[in-house]
Amino acid sequence: MHPRDQTIYALSSGRPPTAIAIVRVSGPRAGATLERLAKKIPIPRMATHVLLADDKLGPIDDAVVLWFPGPASATGEDTAEFHIHGGRAVLTSLFEALASIDGLRPAEPGEFTRRAFENGKLDLTEAEGLDDLIHADTDRQRRQALRQLKGLLGDKARNWRQQIIEALALVEVGIDFSDEGDVSTELMAPALEKAAALHREIEQVLSAQGRSERLRGGLVVAIAGQPNVGKSTLMNQLARRDVAIVSPHAGTTRDVIEVQLDLDGYPVTVIDTAGIRETIDPVEEEGVRRARARAVEADLVLWLVDSVDAARPEGWLTESDAPVWVIRTKTDVATISSADATLSISAERGDGMSELMSALVAFASQYFGQGEAGFITRDRQRDLLRRTANLLQHAARSAQQGDELVAEDLRAAAHQLGRLLGRVDVEDVLDSIFRDFCIGK
């Protein structure tokens, strides 16, 4: 990353052309930039109508500007916003004017949010919540991300860390005054009680049935089966548009096709795979290999059959732990028994589709559990909380071996929560998190 004494700018709204575009400037020269282009610095946090103009380019646009002096801004630095008409020519002129100002440079991905984090406006869990909010595709994902952005886990982690530090202080006082008779014992007991209570609370969060991490990534459903059993037709029905080629010729689908669905607020990725069969065609063979691989990795497999002689999935999915639903297809053209099928449908005519959709929603609800109410949304968070809980548990066992070992366990536990919040020893994590943000964030 570049030095923080530089002022950055970027488009913070949608790709042009748009009705209105927002260009954000943050850093020590944000005020000077406003003075140069707007000819004044407006009243803080008050939208002000101005004519933007540059000495070399002349008038740029009839615009609205806002001024947020630091630290009372989103980034904690002096920040200016230019609300302009969202045409490409207007943006090009404004960016040309900004690029000509000494000390300004284009922002890197996530740099505005990273500066907010480094200036104490966000902790790392809240920054992760903001990233999740930007990428939320469903309402349940949005609600979960917003709760994280508002400090659902961060506030709790700060409280836990403070309590660990208080327990550590008691232990260290006991160590410092160990020559004062019973002082060490009197202080160690309440410290261990506090550590034990925290251990139980964190374990409760870790063992909750919620699957918040899964809600971020979504449920993966693979449509599999032999050629010409109706996989692509079902895929098109679920997507409500033609995303897969439907043909009577076997082997039409050669690659894996994916569609993102919103099922009652649950994010679901549906995969249409190549027909699974023995083949000597090298291209189709590769499609079959990919189909098997994706079906094995899926969270639910819909195995389609259209006759009593159709192969069952057991021989194809021996490496998968995912549940497999046998879906009887083409009920509009055949009347074979479907006693061993989970559901029967005609994707062509739509028969049974409402029942299938209801079953998928019910499965997703069970799969995600109380995911959106959970505190943990990322594997990184779960891992650090697990380490914290283990250290708190170990502190109780260390009491018999010496107060210094208890103090070290508590100190390490506080350190893990500091890493969770992004306040200590996380430089290697920051780049990987913030580079996934869009430029204007």
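**Lysine positions at an annotated binding site**

In this predicted model, Lys-441 touches Gly-110, Glu-111, Phe-112, Thr-113, Leu-130 and Ile-134, once residues up to four places away in sequence are set aside. Lys-441 itself lies in the segment after helix H14, which spans 427–434. Two of the helices that appear elsewhere in this account, H3 (111–118) and H4 (124–134), include residues from that list of contacts, among them Thr-113 and Leu-130. Lys-441 has a relative accessibility of 27% and therefore counts as partly exposed, because that category lies between the limits of under 20% for buried and over 50% for exposed.

The loop between helix H3 and helix H4 holds a further lysine, Lys-121. With neighbours within four places in sequence left aside, Lys-121 is in contact with the residues Pro-71, Ala-72, Ser-73, Ala-74, Thr-75 and Gly-76, and also with Ala-116 and Glu-126. Its relative accessibility is 36%, so Lys-121 too counts as partly exposed.

Both lysines carry an annotation: an unreviewed UniProt entry places the feature "binding site" at Lys-121 and Lys-441, together with Arg-24 and Glu-81.

The setting for these positions is a chain with 14 helices and 12 strands. Of its 441 residues, 48% count as buried. Among contacts between residues at least 6 apart in sequence, 64% join residues at least 24 apart. The chain exposes about 21,000 Å², and carbon and sulfur atoms supply 50% of that area.

How values were computed: Residues are numbered from 1 along each chain as its sequence is written. This is a predicted model: local features need pLDDT of at least 70, side-chain atom pairs count only at pLDDT 80 or more; totals for chains, interfaces and linings use all residues. Side-chain values use heavy atoms; hydrogens and water are left out. Helices (H or I, at least four residues) and strands (E, at least two) are DSSP runs, numbered from the N terminus. Buried means under 20% relative accessible area, exposed over 50%, partly exposed in between (1.4 Å probe, protein chains only). Contact means heavy atoms within 4.5 Å. Accessible areas come from the Shrake-Rupley method with a 1.4 Å probe; for residues, only the protein chains shown count as cover. UniProt positions are given in the numbering used here, feature names are shortened, and annotations may be inferred rather than shown by experiment.
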